[in-house]
Amino acid sequence: MNLKLYGMPQSNYFNMVKHALHEKGIAYEFVQVRPNQEPEFLAKSPMGKVPVLETDLGCISETDAILDYLEEAYPQVPLLPQDPFARAKVRQIMKVQELYVETPIHNLVGVIFGREVAAHVKEASQPAARKGLAALGRLAKFQPWLAGSEFTLADILVFYSFTLSNRIAGMVYQWDPLQEVPGLSAWYQRMSEREVTKVILADSKAAADAQAARAK
Ligand SMILES: N[C@@H](CCC(=O)N[C@@H](CS)C(=O)NCC(=O)O)C(=O)O
């Protein structure tokens with residue numbers, strides 16, 4: 001199967017899929033593209049979002065769908081446990097992070113682009129995210145990985161979700177969400193030290209620096 005990964009290294013969702021591809025040792029071609037609403041791209045990604053994975057059979061967008069596909073098509077290096085219940089628990093952690101931690105903080109994303117954040121959004125987002133973080137804390141095992149002794153898709157998704165959420169929370173509230181859950185900060189550090197993570201973060205920084213230089 002020929003695989004092409006569309007997106008940009010500054011995107012946290014793009015980096016989730018890229019990380020899974022690297023952990024699994026799957027060859028792919030990188031196609032640099034920004035999210036857009038051009039008909040040609042919408043044919044690949046119906047919402048115009050990145051990432052998109054193109055296969056010989058067609059395109060897949062939405063990160064969790066792509067990650068599930070990769071897991072099923074390339075099970076040799078597993079990123080989900082074998083047991084169905086344990087698999088569901090991994091997916092539960094991923095869902096909690098996306099819906100209840102990242103979504104409220106993402107409502108403030110405009111701050112990254114220099115936009116004013118509405119006071120009512122600022123007021124509502126932090127308590128909502130704290131509730132989500134408490135739920136994450138009830139689920140996370142840190143033994144040493146989020147779902148237990150095995151490194152899983154939950155570690156990948158939650159890590160890159162925080163790369164963006166931490167930045168936004170710092171800018172808006174001077175708040176570090178990782179401090180809300182005992183063990184979360186140490187786990188985040190452990191994730192940062194994985195060889196694959198170092199490659200992804202270096203690529204992301206290089207792309208962000210190049211973008212900033214072009215904007216000058
Ligand atoms: N639900 C999507 C989220 C992906 C996403 O929001 N990507 C951002 C870049 S990090 C994007 O394409 N934003 C442009 C837009 O929302 O139109 C997924 O799981 O892949």
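In which sense do β3 and β4 pair, and over how many bridges? They pair in the antiparallel sense, over four bridges. Keep in mind as you look around that this is a predicted model.

Let's stay with that pair for a moment. β3 and β4 form a hairpin, with two residues between them. If you want to find the register on screen, start with Thr55, whose bridge partner in β4 is Gly58. Then go to Val52, which has Ser61 of β4 as its bridge partner.

Now step back to the sheet that holds the hairpin. It's an open sheet of four strands, in the order β2-β1-β3-β4, and the pairing is mixed. β2 (29-32) and β4 (58-61) each have a single partner strand and stand at the edges, so one side of each is left without a neighbour in the sheet. On average, neighbouring strands here are turned by 25° against each other, ignoring direction.

Where does the mix in the pairing come from? Take β1, residues 4-7. With β2, strand β1 pairs in the parallel sense over four bridges, and Leu5 stands opposite Phe30 in β2. With β3, strand β1 pairs in the antiparallel sense over three bridges. On that side, Lys4 stands opposite Glu54 in β3. As a general point for reading any such sheet, side chains in a regular strand alternate between the two faces.

Next, the helices. Helix α1 (residues 12-24) and helix α3 (residues 63-73) have axes that come within 10 Å and cross at roughly 10°. That angle makes α1 roughly parallel to α3, because anything under 35 degrees counts as such. On the α1 side, the contact is made by Tyr13, Met16, Val17, Ala20, Leu21 and Lys24. On the α3 side, you'll find Thr63, Ile66, Leu67 and Leu70. Sorted by class, this contact has eight nonpolar residues, one polar and one charged.

Which residues sit around the ligand? Ser11, Asn12, Tyr13, Pro35, Gly48, Lys49, Val50, Glu62 and Thr63 do. Two of them should look familiar: Tyr13 and Thr63 belong to this shell and also to the contact of α1 with α3. By class, the shell divides into three nonpolar, four polar and two charged residues.

Val50 is worth a second look for its backbone. A cis peptide bond joins Val50 to Pro51, with omega at about 10°. Pro51 lies in the loop between α2 (39-42) and β3 (52-55).

There's another cis peptide bond further along the chain, this one joining Gln143 and Pro144, with omega at about 0°. Pro144 lies in the loop between α5 (119-139) and α6 (153-173). While you're in that part of the chain, check Phe142 too: it has a positive phi of about 50° although it is not a glycine. Phe142 also has its place in the loop between α5 and α6.

Finally, how is the chain divided into domains? The assignment gives domain 1 as 4-73 and domain 2 as 84-215. Taken over C-alpha atoms, the centres of domain 1 and domain 2 are separated by 20 Å. Their contact takes 13 residues from domain 1 and 17 residues from domain 2. On the side of domain 1 that touches domain 2, the elements giving two or more residues are α1 and α3, and α1 gives the most, with eight residues. That side of domain 1 divides into five nonpolar, five polar and three charged residues.

So where does α1 turn up along the way? α1 packs roughly parallel to α3, and α1 also gives the most residues to the side of domain 1 that touches domain 2.

How values were computed: Residues numbered from 1 in each chain as written. Predicted model: local features only at pLDDT ≥ 70, side-chain atom pairs only at ≥ 80, totals over all residues. Pairing = 2+ DSSP bridges. Axes fitted to C-alpha atoms, helices over the stretch in contact; angles between N-to-C directions. Near = placed C-beta within 6 Å. Nonpolar A, V, L, I, M, F, W, Y, C, P; charged D, E, K, R; others polar. Parallel < 35°, antiparallel > 145°, perpendicular 65-115°, else oblique. Contact = placed C-beta atoms within 7 Å. Domains from an automatic or database assignment.
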